[in-house]
Amino acid sequence: MSSVPHTKTSGTPSKGEGGGARAGASRKSPSTPPGSAARRRARAGWLFASPALLVVAAVTVFPVVFSVALSFCEVRLEYGGLRFGSPTLAHYEALLTHPEWYRALAFTLGFTIVSVSIELVLGTLTALVLERLGAARGWILALLLLPWALINVIAAQLWSYLFNGTYGAVSWLCEQLFGTQPDILGQPVPAMAAMVTVDVWKTTPFVAIVVLAGLMLIPGDVYEAAEIDGATAWATFWKVTLPQLRPIVAIAVLFRILQAFGIFDLPFVLTQGGPGTATQSVAILGYRILFQNLDFGGGAAVAVTTAAMVLGCCLLFLRVFRAHVDEGGRA
């Protein structure tokens, strides 16, 4: 007796299949749109962040926009406030044709390049020494942070006593060693050197702390691999340590460029921008134009021009740094 195999038509699913299809269909049709929850979270985030954004706009964006507007207007100080005139480029023309602007710019650039370079070298060497210390590292770090923790005006006033030509300790030491008592802050070149010395003394600990943090993040495996390959200490530093430190060093250099290019309190306290205008930075020049001459448009032009130059230098530095990082990654 032959058995007839059971067949089912393709259009009538079985009970199990039909239940699975219905369950799958119910799972594939959610009650809420896929992106609605994310959009609600984003709106809530903007809502909670709006007070902070308003504060940032009030203390950062508005002064920048107002300074740019001042630099392009004829501004007169009258009874009852400022009176804005017609738009003009006269402030920038006067600034770019004035020799005092170029002298201030040359001093600021020279001060920034020399001080940041010295601080980078000394800070890196200090960090390498601190990395190898044991229990004494905490005490030495505390001592290093003392100059950096001082307010710039207080540090400048302290060093002004040391550099004083009559009773200063540095002048007395020069007299004992060389038989002469120089007027350090009264001559252009010694005054510039003194200013670089004070800035290096104060901000080298900052660079050392940043570089030390980068050294602590380098994994020990890379040093073990270099030691197995027979690399010397000098080769290990150039081929292993320095490439690993490149992002940290870039951050430290950027911070120091921004601080050094806007230097104001150090030359203002030490020399008042003198002798003559030898140590007058662009920040002091803007201060004199704005607050002493009451030229609001000219002072704003100095500020806007300086900010544009700093921004351009930082973008160029970041571009070069990114190119080096990409090249190192491909290598």
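**Close-up 1. Phenylalanine 268 and its aromatic neighbours.** Phenylalanine 268 counts as partly exposed, since its relative accessibility is 24%, and buried would require a value under 20%. Every view described in these legends shows a predicted model. Across the whole model, the count of aromatic pairs comes to 14. In one of these pairs, phenylalanine 264 meets tyrosine 287 edge-to-face, with 5.5 Å from centre to centre and 65° between the planes. Phenylalanine 264 sits in the loop between helix H10 (233-261) and helix H11 (265-270), while tyrosine 287 belongs to helix H12 (residues 282-292), so this pair ties together parts of the chain that are 23 residues apart in sequence. Phenylalanine 264 is partly exposed at 27% relative accessibility, and tyrosine 287 is likewise partly exposed at 26%. Tyrosine 287 also pairs with phenylalanine 268: the ring centres lie 5.5 Å apart and the planes stand at 80°, so this contact too is edge-to-face. Because phenylalanine 268 lies in helix H11 and tyrosine 287 in helix H12, the contact ties together parts that are 19 residues apart in sequence. Ring pairs link Phe264, Phe268, Tyr287 and Phe291 into a cluster.

**Close-up 2. A network of salt bridges around arginine 256.** A search of the whole structure finds 2 salt bridges. In one of them, the side chains of arginine 256 and glutamate 119 meet with a nitrogen-to-oxygen distance of 2.7 Å. This pair links distant parts of the chain, as arginine 256 is in helix H10 and glutamate 119 is in helix H4, 137 residues apart. Arginine 256 also forms a salt bridge with aspartate 199, and here the closest N and O atoms are 2.8 Å apart. Aspartate 199 lies in helix H8 (residues 188-217) and arginine 256 in helix H10, so the pair ties together parts that are 57 residues apart in sequence. Glu119, Asp199 and Arg256 are thus linked in a network of salt bridges. Arginine 256 has a relative accessible area of 2% and is buried, and glutamate 119 is buried as well. Aspartate 199, at 7% relative accessibility, also counts as buried.

**Close-up 3. The second largest pocket and its lining.** About 300 Å³ of space lies in this pocket. Its lining is made up of 13 residues, and those closest to the centre of the pocket are Arg132, Tyr223, Ala233, Thr236 and Thr241. Helices H4, H9 (220-228) and H10 each supply at least two residues of the lining. The largest share comes from H10, which contributes 5 residues.

**Close-up 4. A nonpolar patch on the surface.** Leu109, Ile113, Val114, Ile118, Val121, Leu122 and Leu125 form this patch, and together they have about 570 Å² of accessible area. Leucine 125, one of the residues of the patch, has its place in helix H4, which spans residues 99-131.

**Close-up 5. The loop between H11 and H12.** Two local features of the backbone can be followed in this view. The peptide bond that runs from glycine 274 to proline 275 is cis, with omega near 0°, and proline 275 is found in the loop between H11 and H12. Glutamine 272 lies in the loop between H11 and H12 too, and has a positive phi of about 60° although it is not a glycine. With a relative accessible area of 42%, glutamine 272 is partly exposed.

**Close-up 6. Leucine 294 in the loop between H12 and H13.** Leucine 294 has its place in the loop between H12 and helix H13 (296-330). Although leucine 294 is not a glycine, its phi is positive, at about 55°. Its relative accessibility is 46%, so leucine 294 counts as partly exposed.

**Close-up 7. Aspartate 183 in the loop between H7 and H8.** The place of aspartate 183 is in the loop that runs between helix H7 (169-178) and H8. Its relative accessible area of 40% makes aspartate 183 partly exposed. Phenylalanine 163 stands 20 residues from aspartate 183 along the chain, and the C-alpha atoms of the two are separated by 8.0 Å.

Notes. Residues are numbered from 1 along each chain as its sequence is written. This is a predicted model: local features need pLDDT of at least 70, side-chain atom pairs count only at pLDDT 80 or more; totals for chains, interfaces and linings use all residues. Side-chain values use heavy atoms; hydrogens and water are left out. Patches are made of residues with over 30% relative accessible area and no salt bridge: like charges are joined within 9 Å, nonpolar side chains (Val, Leu, Ile, Met, Phe, Trp, Tyr) within 5 Å. Accessible areas come from the Shrake-Rupley method with a 1.4 Å probe; for residues, only the protein chains shown count as cover. A salt bridge is a side-chain nitrogen of Lys or Arg within 4 Å of a carboxyl oxygen of Asp or Glu. Helices (H or I, at least four residues) and strands (E, at least two) are DSSP runs, numbered from the N terminus. Rings of Phe, Tyr and Trp (its six-membered ring) pair if their centres lie within 6.5 Å; planes under 30 degrees apart count as stacked, over 60 as edge-to-face and the rest as tilted. Buried means under 20% relative accessible area, exposed over 50%, partly exposed in between (1.4 Å probe, protein chains only). On a 1 Å grid over the protein atoms alone, a cavity is a set of points where a 1.4 Å probe fits but cannot get out, and a pocket is an open set with protein on both sides within 12 Å along at least five of seven lines; lining residues have an atom within 4 Å of a point. Grid points are joined across faces, edges and corners, and a volume is the space filled by probe spheres set on the points.
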